[in-house]
Amino acid sequence: MDLGPYTSFIATSYLAAALIVVLLIGWIAIDYRTQKARLRALEESGVVRRSGRAATTDIR
């Protein structure tokens, strides 16, 4: 397969795009683990989610 005189530009562009996608996947994975750890720490300290809280007071 001959890409012509723009072979280096095309290959570099594909490599740059692939590198950016890999970096984004890594960043998302690290952020996911960080957010899970923060939620676990909050739940261990006694903070509960509003959706998990029982309705004990009657708000009118």
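Here is a short tour of the model, with one selection at a time.

This is a predicted model, where local features need pLDDT of at least 70, side-chain atom pairs count only at pLDDT 80 or more, and totals for chains, interfaces and linings use all residues. Residues are numbered from 1 along each chain as its sequence is written, and side-chain values use heavy atoms, leaving out hydrogens and water.

Start with the whole chain: it has one helix and zero strands (DSSP runs, H or I of at least four residues for helices and E of at least two for strands, numbered from the N terminus). Of its 60 residues, 0% count as buried (under 20% relative accessible area; exposed is over 50%, partly exposed in between, with a 1.4 Å probe and protein chains only).

Next, select residues 7–44, which are helix 1. Its 38 residues should span 56 Å at 1.5 Å a residue, and the end C-alpha atoms are indeed 56 Å apart (the expected span is 1.5 Å times one less than the number of residues).

Now try residues 6–30, listed by an unreviewed UniProt entry as "transmembrane region"; such annotations may be inferred rather than shown by experiment. This stretch is 96% helix and 0% strand, with end C-alpha atoms 36 Å apart.

Zoom in on Ile-28, which sits in helix 1. Ile-28 is exposed, with a relative accessible area of 52%.

Finally, move to Gly-46, just after helix 1, and check its backbone: phi is positive, about 105°.
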